[in-house]
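Welcome! Have a look at the chain below and turn it around a few times before reading on.

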Amino acid sequence: MKTYPCSIEKALNIIGNKWSFLVLKELYDGKKRFNELKRTINGISPNALTTTLKHLEKNAILKRTVYPTVPVTVEYELTEKGQAFHSVLKEMKKWGAEWGDVTL
């Protein structure tokens with residue numbers, strides 16, 4: 001019997017890891033370059049950022065634009081699919097603000 005992933009599992013596979021959420025949060029403010037993202041996302045390594053950006057690009061969440069300058073300029077921005085996730089991220093932020101400090 002073939003099993004199909006649930007919608008939550010599909011969404012998590014598209015978004016990827018924990019860093020993806022923080023990259024998305026930064027890109028909701030507009031286009032960013034690699035070093036801007038690295039500076040604003042506390043604790044992310046260049047390797048983790050590169051992997052996350054490639055994953056999000058592969059899943060059509062963000063668009064990578066290369067400008068032929070010296071040195072080369074690369075900007076990242078959200079696609080329509082990435083923008084559509086904004087309401088989900090806002091709800092996660094609200095939930096985290098309300099429940100993030102509550103321990104059992």
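What follows is a short tour, from the whole chain to single residues. Please keep in mind that this is a predicted model. The chain has 104 residues, and its secondary structure comes to six helices and three strands. Three topics come after the overview: the sheet, two buried residues and the largest pocket.

**The chain as a whole**

- Starting at the N terminus, you will meet the elements in the order α-α-β-α-α-β-β-α-α.
- The C-alpha trace spans about 50 × 40 × 25 Å along its principal axes.
- Of the 104 residues, 29% are buried.
- What share of the contacts between residues at least 6 apart in sequence joins residues at least 24 apart? The share is 50%.

**The sheet**

- The three strands form an open sheet in the order β1-β3-β2, and their pairing is antiparallel.
- Why is one side of β1 and of β2 left without a neighbour in the sheet? Strands β1 (32-33) and β2 (62-67) stand at the edges and have a single partner strand each, so one side of each has no neighbour there.
- Helix α2 packs on this sheet and touches β1, β2 and β3. The direction of α2 makes about 95° with that of β3.
- Between β2 and β3 (residues 73-78), the antiparallel pairing runs over six bridges.
- A hairpin of five residues takes the chain from β2 to β3.
- Two pairs are good to find on screen: Tyr67 has Thr73 in β3 as its bridge partner, and Arg64 stands opposite Tyr76 in β3.

**Two buried residues**

- Where is Ile61 placed? Look in the loop between α4 (46-58) and β2.
- Ile61 has a relative accessible area of 2%, which is under the 20% cut-off, so Ile61 counts as buried.
- Leaving out neighbours within four places in sequence, Ile61 is in contact with Ile14, Ile15, Leu24, Leu56, Glu77, Leu78, Thr79, Lys81 and Gly82.
- One of these contacts, Gly82, is 21 residues from Ile61 in sequence, yet the two are 4.3 Å apart in space, C-alpha to C-alpha.
- Glu26 has its place in helix α2, the helix that packs on the sheet.
- Is Glu26 buried or exposed? Its relative accessible area is 10%, under the same 20% cut-off, so Glu26 is buried.
- Not counting residues up to four places away in sequence, Glu26 touches Lys32, Leu37, Thr40 and Ile41.

**The largest pocket**

- Rolling a probe the size of a water molecule over the atoms shows where empty space is left.
- How much space lies in the largest pocket? There is about 310 Å³.
- The lining of the largest pocket is made of Phe21, Leu22, Lys25, Tyr28, Asp29, His86, Leu89, Lys90, Met92 and Lys93.
- Helices α2 (18-27) and α6 (86-99) supply at least two lining residues each.
- Which element gives the largest share of the lining? That is α6, with five residues.
- Sorted by class, the lining has five nonpolar, one polar and four charged residues.

**Bringing it together**

- Helix α2 appears in several places on this tour: α2 packs on the sheet, holds the buried residue Glu26 and supplies part of the lining of the largest pocket.

How values were computed
Residues are numbered from 1 along each chain as its sequence is written. This is a predicted model: local features need pLDDT of at least 70, side-chain atom pairs count only at pLDDT 80 or more; totals for chains, interfaces and linings use all residues. Side-chain values use heavy atoms; hydrogens and water are left out. On a 1 Å grid over the protein atoms alone, a cavity is a set of points where a 1.4 Å probe fits but cannot get out, and a pocket is an open set with protein on both sides within 12 Å along at least five of seven lines; lining residues have an atom within 4 Å of a point. Grid points are joined across faces, edges and corners, and a volume is the space filled by probe spheres set on the points. Helices (H or I, at least four residues) and strands (E, at least two) are DSSP runs, numbered from the N terminus. Ala, Val, Leu, Ile, Met, Phe, Trp, Tyr, Cys and Pro count as nonpolar, Asp, Glu, Lys and Arg as charged, and the others, Gly among them, as polar. Two strands pair if DSSP finds at least two bridges between them. Contact means heavy atoms within 4.5 Å. Axes are lines fitted to C-alpha atoms, for helices over the stretch in contact, and angles run from 0 to 180 degrees between N-to-C directions. Buried means under 20% relative accessible area, exposed over 50%, partly exposed in between (1.4 Å probe, protein chains only).
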